[in-house]
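I opened my notebook beside the viewer today and went through this one piece by piece. Here are my entries, in the order I wrote them.

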Amino acid sequence: MPTYTNAIAYMADWAEDDSSEVAAAILILLTRAEERLFHDAPIMPIYKQKVVGNLIKSQAILIPPEKIRRIRSMIITVNGKVEELKFRTDSFLDKFNPSRSQGIPKFYNWSEETEFRLEPISNGKYPFTLRYVGLPAGLTATNANTFLSDTHFDQLMNAAMVLLETYLQHEEGAVRWEKLYQLNLPSFQAEALAANRTESGAGT
């Protein structure tokens with residue numbers, strides 16, 4: 001399987017510039033290439049994650065995991081029954097519970113990336129499950145392989161080379177790599193969609 005080292009070497013060989021400045025740029029460009037693929041196939045099953053825990057009495061805020069892209073669902077268990085919290089705006093929550101009283105949480109808001117607001121404020125201990133679409137770890141010196149590098153290395157390199165050629169101010173080269181990226185994008189997205197359907201059908 002292609003690794004982080006393979007990706008860096010591929011880009012460095014193409015750049016034909018072993019300066020420290022270009023070497024540093026390549027690391028940044030590889031990360032941006034991964035982000036582009038994450039954006040262009042946002043429903044890959046590998047991105048689906050969940051966190052479980054317990055709300056406690058008087059809890060008004062839930063600290064979410066890092067790198068959340070989208071919330072799939074937020075559920076709590078009340079007396080053995082699963083209840084799904086609904087997303088609402090801050091202004092709605094302010095009107096719904098102006099006194100910030102306690103009760104069984106019914107709504108949440110994620111206007112701040114660092115926290116979830118719960119309303120009403122939790123009045124007891126409730127198990128919760130937060131399902132979300134996350135952002136997987138990218139290729140680094142300490143993370144040699146990823147889902148993308150193992151399954152879509154060529155498309156990852158297409159995206160990286162667009163950025164590298166742009167950085168090197170090789171406009172014609174950037175155009176050629178972009179055409180190649182766009183040519184392979186439909187099949188990349190179709191594979192991601194098929195994998196997502198398979199994963200969803202398995203009930204995970």
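**The sheet**

I began with one bridge pair: Ile-68 stands opposite Gly-134 in β10. Before going on, I noted that this is a predicted model, in which local features need pLDDT of at least 70 and side-chain atom pairs pLDDT 80 or more, while totals for chains, interfaces and linings use all residues. I also noted that residues are numbered from 1 along each chain as its sequence is written, and that side-chain values use heavy atoms, with hydrogens and water left out.

My element names follow DSSP runs, numbered from the N terminus: helices are H or I of at least four residues, strands are E of at least two.

Next I looked up which strands the pair belongs to. Strand β3 (residues 68-78) and strand β10 (residues 126-134) run antiparallel and are joined by seven bridges. Another pair between them is Arg-70, which stands opposite Val-133 in β10.

I then turned to β1. Eight bridges pair β1 with β10, again in the antiparallel sense. Among the partners I picked out Gly-53, which is bridged to Phe-128 in β10.

What is the order of the strands in the open sheet? I read it as β1-β10-β3-β4, four strands with antiparallel pairing. The edge strands are β1 (48-55) and β4 (81-84), each pairing on one side only. For pairing I used the rule that DSSP must find at least two bridges between two strands. From one strand to the next the twist averages 25°; the axes behind such angles are lines fitted to C-alpha atoms, and the angles run from 0 to 180 degrees between N-to-C directions.

I checked burial for β10 too, taking buried as under 20% relative accessible area, exposed as over 50% and partly exposed as in between (1.4 Å probe, protein chains only). Seven of the nine residues of β10 are buried, so this strand is largely enclosed by the rest of the structure.

**Helix α1 and the segment before it**

I measured nothing by hand here; the span is a calculation, 1.5 Å times one less than the number of residues. For the twelve residues of α1 (residues 4-15) that gives 16 Å, and the end C-alpha atoms are 17 Å apart, which agrees.

Which residues of α1 are buried? I listed Tyr-4, Ala-7, Ile-8, Met-11 and Ala-15. Seen down the axis of α1, they fall within an arc of 95°, so they line one face of the helix. That arc is taken over the directions from the helix axis to the C-beta atoms. On the other side of α1, I found Thr-5 and Asp-13 exposed.

The buried residues of α1 pack against α2 (20-40) and α5. After α1 comes Glu-16, with a positive phi near 50°.

Thr-3 lies in the segment before α1. Thr-3 counts as buried at 19% relative accessibility. Neighbours within four places in sequence aside, Thr-3 is in contact (heavy atoms within 4.5 Å) with Ala-144, Asn-145 and Phe-153.

**Helix α5**

Phe-153 took me on to α5 (residues 153-167). Its 15 residues should span 21 Å at 1.5 Å a residue, and the end C-alpha atoms are 21 Å apart, which agrees.

Is α5 enclosed or open? Eleven of its 15 residues are buried, so α5 is largely enclosed by the rest of the structure. Among the buried ones are Phe-153, Leu-156, Met-161 and Glu-165. α5 is followed by Gln-169, whose phi is positive, near 65°.

**Salt bridges**

My last search covered the whole structure and found seven salt bridges, each a side-chain nitrogen of Lys or Arg within 4 Å of a carboxyl oxygen of Asp or Glu.

- Arg-36 and Asp-40 meet at 3.8 Å, N to O. Being four residues apart in helix α2, they are separated by about one helical turn. Arg-36 is partly exposed at 24% relative accessibility, and Asp-40 is buried at 17%.
- Lys-81 and Glu-83 have their closest N and O atoms 3.9 Å apart. Lys-81 is exposed at 53%, whereas Glu-83 is partly exposed at 31%.
- Arg-117 and Glu-119 have their closest N and O atoms 3.1 Å apart. Arg-117 is buried at 13%, and Glu-119 is buried at 0%. Salt bridges that share partners join these two with Asp-90, Asp-94 and Arg-100 into one network.
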